[in-house]
There are 2 protein chains.
Amino acid sequence: MRGAVLYAPGDVRVEQRDEPRIVAPTDAIIRLSATCVCGSDLWPYRGIEKIDGPRPMGHEYAGVVEEVGGAVTTIKPGQFVVGSFFASDNVCEICRAGYQTSCVHREGVSGAQAQYMRVPHADGTLVATPELPADDLVPSFLAASDVLGTGWFAAVAAHAGPGKTVAVVGDGAVGLLGVLAARQLGAERIIAMSRHESRQKLALDFGATDIVTERGDEGVARIKDLTGGLGAHSVIEAVGTQESMMQAIRSTRAGGHVGYVGVTHDVQLPGMELFFSHVHLHGGPAPVRRFLPDLVDLIWNRTIDPGKVFDLSLPLDQAADGYRAMDERRAIKVLLHP
Amino acid sequence: MRGAVLYAPGDVRVEQRDEPRIVAPTDAIIRLSATCVCGSDLWPYRGIEKIDGPRPMGHEYAGVVEEVGGAVTTIKPGQFVVGSFFASDNVCEICRAGYQTSCVHREGVSGAQAQYMRVPHADGTLVATPELPADDLVPSFLAASDVLGTGWFAAVAAHAGPGKTVAVVGDGAVGLLGVLAARQLGAERIIAMSRHESRQKLALDFGATDIVTERGDEGVARIKDLTGGLGAHSVIEAVGTQESMMQAIRSTRAGGHVGYVGVTHDVQLPGMELFFSHVHLHGGPAPVRRFLPDLVDLIWNRTIDPGKVFDLSLPLDQAADGYRAMDERRAIKVLLHP
């Protein structure tokens with residue numbers, strides 16, 4: 001089969017790889033209907049995150065079950081399924097509390113930028129659609145696998161809801177889908193922070209009520225201006241840099257909530273400032289599995305259309321072009337056809 | 001009148017000072033029934049927090065109203081009142097959300113280690129008892145002013161409650177009263193981390209079910225041992241050092257809550273570890289005023305006895321001895337009689 005492998009910063013190759021096989025009796029093998037490039041794939045692509053050898057890439061997936069192991073009971077061959085970037089048993093105490101990405105049996109999922117992939121803990125990890133979906137729904141189900149689920153978690157962690165003003169730091173796919181989530185959760189006002197016209201437009205499509213183009217201290221000042229000097233009730237952080245984390249914390253009112261999902265590379269939070277900020281801070285690797293059943297319903301019923309974040313579609317063999325387009329911010333998110 | 005002033009690290013003097021007067025029409029003047037030394041007073045006493053001149057000390061107070069300004073409507077002369085270390089209007093949007101220590105009109109309160117003090121925003125800041133209390137209740141009302149209110153906020157921020165295992169990092173007065181708060185909030189299991197016999201005993205009196213004497217990584221390992229490898233649901237941090245904050249975060253299970261109230265001097269939280277910890281982090285200067293009406297009731301009805309944290313009582317003129325006893329950890333908390 002064909003699959004994308006990162007050899008070194010900037011060097012992604014699609015090459016012939018062995019097809020995955022059932023390893024544990026709880027595994028499933030999936031034939032991918034679509035896959036994509038994640039903002040977090042750019043960390044190793046840019047050399048910020050080190051790799052210790054060629055790395056099969058991709059952790060976002062939706063597709064049709066080809067085969068299941070002997071211990072898989074609820075997931076069946078032929079079903080269309082969506083999963084998440086960590087496999088989880090969905091029965092341990094941590095999973096039952098809604099933190100499947102910290103499942104005591106969690107396993108990372110990789111190699112999704114390919115024609116086939118292996119998913120561990122298939123019963124705990126995968127959620128099936130009622131029937132095989134129409135083709136035009138596939139990008140939205142793929143989005144549910146990571147960026148929608150992550151934006152949704154950020155909005156929930158930020159306590160977005162009725163009566164709330166929500167600010168969103170980061171205009172990548174996760175931030176934009178954080179806007180969509182905040183709207184679905186009933187937020188009154190949603191301020192998207194973006195200086196890119198195409199992303200602003202999508203933010204407004206997804207339900208943003210205000211656009212702020214400033215960032216850093218000026219961005220914070222604009223959020224304060226828009227909120228009677230107090231700051232937003234809820235702030236979604238979807239970047240993961242020192243600047244964006246501090247922008248998120250400083251944009252939040254005392255007693256408000258920051259939901260952070262940008263992977264916080266090289267971030268150090270100053271204790272005294274955090275202490276006096278009085279914010280609630282929660283985030284981490286989004287437990288997408290918690291939200292998947294609801295998200296699958298919302299997509300199946302065409303209530304939401306998160307697939308709009310894919311503004312470039314390429315054949316899998318052109319994955320390298322997809323990485324480049326995202327790295328250069330020419331594309332918001334790139335879908336790959338296996 | 002007599003009042004305590006810090007001149008330099010280790011140099012507290014009780015001297016003759018001017019009696020405070022009404023400055024703003026929203027002020028009240030209080031004759032202190034009792035005052036005390038706070039763990040946070042030890043930061044400047046030890047020279048860790050710099051002072052830029054002689055500083056009148058003390059911010060914990062309970063006493064009888066002597067005089068009120070022309071705009072004070074609910075607080076009356078002759079009432080016994082309890083307040084907190086920040087004066088708040090209790091009507092702004094931040095106060096109404098329960099964050100009175102970030103009130104848009106907040107003012108620091110100081111000079112409480114004295115015979116009289118001025119309290120700004122008297123109507124918003126002070127809570128009166130139904131009648132003048134019996135003498136033996138005064139220490140408990142004084143505790144409500146800061147250490148009880150702070151321990152209570154930490155327990156609420158840590159989501160202590162029925163079915164929860166709560167760990168408490170720090171065996172000072174705040175940590176011990178965090179134990180009491182967790183018990184009142186219905187926690188199932190309360191693990192106090194302490195290696196001092198007298199503090200362990202008080203923790204057990206206040207409702208702790210387990211004592212852990214280890215600290216740092218060993219303390220974390222013990223908490224994990226006691227919680228099926230997962231960590232506590234709720235952790236109260238009541239110290240404020242890098243080590244204690246990391247101990248608190250690492251003792252908390254994924255999805256659990258850290259309530260931190262130790263003033264985080266020189267603390268830097270590593271972003272990546274926080275991200276993957278999956279904890280909720282909330283804390284800061286405790287909005288004691290949020291809890292005061294309930295705390296005053298619980299004390300008035302003799303449901304709780306937080307005054308037990310005072311294990312040394314001295315005349316105000318011996319304040320320097322009180323600071324020394326707390327600095328050397330010979331006393332948990334020192335009450336001063338004005």
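Q: Before we look at this predicted model, what makes two strands pair?
A: Two strands pair if DSSP finds at least two bridges between them. Here, strand β17 (residues 280-283) of chain A is joined to β17(B) by three bridges, and the two strands run antiparallel.

Q: Which residue in β17(B) is the bridge partner of A:His282?
A: That partner is B:His280.

Q: What other strand is joined to β17(B), and in which direction do the two run, parallel or antiparallel?
A: Strand β15 (residues 252-260) of chain B is joined to β17(B) by four bridges, and these two run parallel. Within this pairing, B:Leu281 in β17(B) has B:Val258 standing opposite.

Q: Which way do the residues of β17 in chain B point, and are they buried or exposed?
A: B:His280 and B:His282 point one way from the strand, while B:Leu281 and B:Gly283 point the other way. All of them are buried, that is, under 20% relative accessible area.

Q: Now the chains as wholes: how are two copies of a chain related?
A: In general, the relation is a rotation about an axis and a shift along it. For this model, chain A superposes on chain B by a rotation of 180° with 0.0 Å of shift along the axis, at an RMSD of 0.0 Å. The two copies are therefore related as by a two-fold rotation axis. Both copies use the same surface, since 100% of the contact residues of chain A recur in chain B.

Q: Which domain does UniProt annotate in chain A?
A: The unreviewed UniProt entry places "Alcohol dehydrogenase-like N-terminal" at residues 25-123 of chain A. Over residues 25-123, the chain is 10% helix and 30% strand, and the end C-alpha atoms lie 11 Å apart.

Note on methods. Residues are numbered from 1 along each chain as its sequence is written. Chains are lettered from A and ligands numbered from 1 in the order in which they are written. This is a predicted model: local features need pLDDT of at least 70, side-chain atom pairs count only at pLDDT 80 or more; totals for chains, interfaces and linings use all residues. Side-chain values use heavy atoms; hydrogens and water are left out. UniProt positions are given in the numbering used here, feature names are shortened, and annotations may be inferred rather than shown by experiment. Copies are superposed by least squares on the C-alpha atoms of residues with pLDDT of at least 70 in both. Contact means heavy atoms within 4.5 Å. Buried means under 20% relative accessible area, exposed over 50%, partly exposed in between (1.4 Å probe, protein chains only).
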